[in-house]
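Please look over the sequence and the fold before reading on. The paragraphs below go from the whole chain to one part of its surface.

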Amino acid sequence: MKTTKYYVAAIICFIIWGFFSLALKPIHEYPSLDILFYRVFSCSILMLLIVFTFKRKRIKETIATFKALPALERRRSLLLNIGGSVFLMANWFTFIYVMNHVSVKATSLAYLVCPILTTLLAHFILNEKLSKTQWIAVGLSVSGCLLLSYANIMDMVFSIVIGSTYASYLVSQRINKGFDKFIVLTFHITLAALFLLPFYPAYSGPIPTEFKFYFCIETIAILFTIFPLFLNLYALSGINSSTVGMLLNINPMIAFLLALFWYHEPIGSIQIVAYSIVFLAVLVFNSHHIFAIRQKITQYPKVLK
């Protein structure tokens with residue numbers, strides 16, 4: 001039960017991301033790079049304002065903690081944070097491009113592939129152990145993804161690219177511990193902004209003038225970037241990256257429902273079966289925690305007596 005708050009953080013994060021297309025689709029006519037530029041720059045400015053206004057003490061503590069690390073640990077920490085920034089940036093660009101120029105379903109499939117990649121990376125790189133039940137859940141996820149890729153192989157190719165970048169981010173940040181999560185996230189996004197800044201004059205389009213564009217960008221920055229990413233990092237501080245990765249399936253299942261009922265994208269019976277299998281996989285993977293909560297609830301009235 002001690003891990004429940006981390007599960008809740010991850011679930012809220014992925015529910016929010018499931019509705020991301022509602023803020024992104026209205027500006028689909030803008031180039032993907034422009035959306036990426038303004039999203040990253042906006043997030044960076046907002047987070048720097050928050051950090052330097054409310055977290056000055058934390059900044060000093062973070063710097064002191066970093067300086068106190070042995071030289072090898074400092075190098076490792078720097079690589080983890082630079083790598084985290086690169087993985088985030090790559091994930092955002094590929095996601096925006098595929099969402100606006102391929103299909104919502106392709107991005108949905110990406111976040112079905114991502115949990116599988118995350119689980120495998122966590123197992124082989126971080127030595128995270130999985131029970132037999134959890135491996136069965138992974139197998140169910142694989143079968144669901146194979147069913148979906150059978151309908152459109154190019155969707156699977158795009159999905160693997162998107163999924164691998166975010167899986168790498170999750171695994172790298174699982175071992176990036178000891179620092180304030182909000183400051184770490186600010187570092188990741190600000191570094192991404194600094195990296196993108198030299199490319200902005202050459203690769204950006206005309207400066208947008210529509211209010212709709214800036215409204216959507218700020219919504220994406222606050223509601224679909226800063227808040228859920230902070231929850232994601234918080235969840236990683238308390239539960240395994242493979243568990244966070246499997247909960248990530250909540251995101252594409254919501255996106256799938258939006259694609260079906262909101263965007264009216266053509267969806268066949270194979271895809272419905274595949275998503276049902278993946279939903280079952282999420283329940284099986286987290287069954288131990290679900291049963292623990294259920295047992296706690298059933299025992300609660302007895303404790304009161």
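What follows describes the overall fold and then a nonpolar surface patch.

The model is predicted: local features need pLDDT of at least 70 and side-chain atom pairs count only at pLDDT 80 or more, while totals for chains, interfaces and linings use all residues. Residues are numbered from 1 along each chain as its sequence is written, and side-chain values use heavy atoms, with hydrogens and water left out.

The chain has 15 helices and zero strands, where helices (H or I, at least four residues) and strands (E, at least two) are DSSP runs numbered from the N terminus. Its radius of gyration, taken over C-alpha atoms, is 20 Å, close to the 19 Å from the globule rule for 305 residues, so the chain is as compact as a globular protein of that length. That rule is 2.2 Å times the number of residues to the power 0.38. The C-alpha trace spans about 55 × 50 × 40 Å along its principal axes.

Buried residues (under 20% relative accessible area, 1.4 Å probe, protein chains only) make up 50% of the 305 residues. Of the contacts (heavy atoms within 4.5 Å) between residues at least 6 apart in sequence, 89% join residues at least 24 apart.

On the surface, Val 8, Ile 12, Ile 222, Leu 223 and Phe 227 make a nonpolar patch of about 410 Å². Helix H1 (4-18) and helix H11 (211-236) are the elements that give two or more residues to this patch, and H11 gives the most, with three. Patch residues have over 30% relative accessible area and no salt bridge, and nonpolar side chains (Val, Leu, Ile, Met, Phe, Trp, Tyr) are joined within 5 Å. A salt bridge is a side-chain nitrogen of Lys or Arg within 4 Å of a carboxyl oxygen of Asp or Glu. Leu 223 lies in helix H11.

Methods
Patches are made of residues with over 30% relative accessible area and no salt bridge: like charges are joined within 9 Å, nonpolar side chains (Val, Leu, Ile, Met, Phe, Trp, Tyr) within 5 Å. Accessible areas come from the Shrake-Rupley method with a 1.4 Å probe; for residues, only the protein chains shown count as cover.
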